[in-house]
Amino acid sequence: AADAAVSVGSGGAGPAAAISAAAARLHHYMRTLRGAPADGEGTFATFIFRRMMTHAGYSGSVGRRIAEMLQNTPDEFYDELSNSLRQHPPLLWLHQLRADDYAGAASTLHDLSSTGSDGGARGSTSGATLSERRQCLSLAKLSLLAAGLPSNVDEIVSIDAALDLASIQSGLSRRRNESRGGPVDPMEVPLPPLRLVEACLEGGGAGARADEDDLLDAFAVFASSGGAFRLANKSLLEACWQRAGGATDWEVLGELRGAGSDAAYVRALGATPVARAARRCYDGSYAVRLGPPFEQVLTPRGVLELLKEAIGCKSSEGDGAADAFMLHPIREALGLFASIDLQSTREDEDDAMA
């Protein structure tokens, strides 16, 4: 009888009046048969919900029955349905959205972004794929926005950063697969931030442009992984800056600087890995940045010192005038998006010329 009753609303055979009457009877029983909580006996409503999740009944499939349950359950049974779905997160968030519990849905979806869209049913060692993580995080963000939260609250900024990491890994995988001629792995799992930075620095892309994109993605990982990660991996961040400094022919830019074409020179500066990385790390209006400012771990002044080391400024065999010739474009590329102590920098350049 319960199987027949809970199949109402499925579009099956039978006059509409009979279906409506069956639904009314079912809801009456759910309303009145409250069980004996003192004896550990559940309510009839809870029994119905659990049965619908495990038996096909007259609907023909468990999946169809679950859809009916989520769609047709009256508001007065929402709490009991929520309790019944606690062990089934992939269904719970759908019910929470229907109940206008957007914050609850966001929390459930955030958990699913780690466990996977099946809620961890594949096994305790299983987790979300990269694709599942992006999907669940995107839905979690939409749920928080639907709840009325502004886009700059910590919860949404954190989700944006996690989405940025997923996007970085997707782009990296795509470039790797393009260079190898292979397909993208649909079961690829998210990498932890440190491993993702290392993967960005390993190379293996299709050409110099891909390697430059990989390097800039390494800076993006630092930007989206928080202050604690940046502090714990400061030496790796410094290595990224030195690699960025060595990726440009600064002598060519020095010549362009003296050629008198300011517009062409600024465009060339903006295209350097140093300028693009400075924008990612120090420009307050750009992209996702999780945690405190980069300056708390590595100041622009400190970055400039690393860049000078990368091109060999003030080496024992170096020419002071040549060093200063290259220092101008390096400082100006960094200065496009980062504030540097110009007085101290000019004093260093004067020392290099001496």
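**Close-up views of a predicted model**

**View 1. Surroundings of Ser113 in the predicted model.** Ser113 touches Ala128, Arg133, Cys136 and Leu137, when residues up to four places away in sequence are not counted. Ser113 itself lies in helix α7, which covers residues 102-115, and because its relative accessibility is 1%, under the 20% limit, Ser113 counts as buried. The side chain of Ser113 also reaches the backbone oxygen of His110, at a distance of 2.5 Å.

**View 2. Leu172 of helix α9 and its contacts.** Leu172 is part of helix α9, a segment that takes in residues 154-180. With a relative accessible area of 6%, which is under the 20% limit, Leu172 is buried. Leaving aside residues up to four places away in sequence, Leu172 is in contact with Leu196, Ala199, Cys200 and Asp214. For one of these partners, Leu196, the separation from Leu172 is 24 residues along the sequence, while the two C-alpha atoms are 9.2 Å apart in space.

**View 3. Helix α13 and its buried residues.** Helix α13, made up of 13 residues (234-246), reaches 19 Å from its first C-alpha to its last, a span close to the 18 Å expected at 1.5 Å a residue. The buried residues of this helix are Leu236, Leu237, Cys240, Trp241, Ala244 and Gly245. In an α-helix there are 3.6 residues a turn, so residues three or four places apart point the same way.

Conventions:
Residues numbered from 1 in each chain as written. Predicted model: local features only at pLDDT ≥ 70, side-chain atom pairs only at ≥ 80, totals over all residues. Heavy atoms only, no water. Helix = DSSP H or I, 4+ residues; strand = E, 2+ residues; numbered from the N terminus. Buried < 20%, exposed > 50% of the residue type's maximum accessible area, 1.4 Å probe, protein only. Polar contact = N/O pair within 3.5 Å; in protein donor to acceptor, adjacent residues only side chain to side chain. Contact = heavy atoms within 4.5 Å. Expected span 1.5 Å × (residues − 1).
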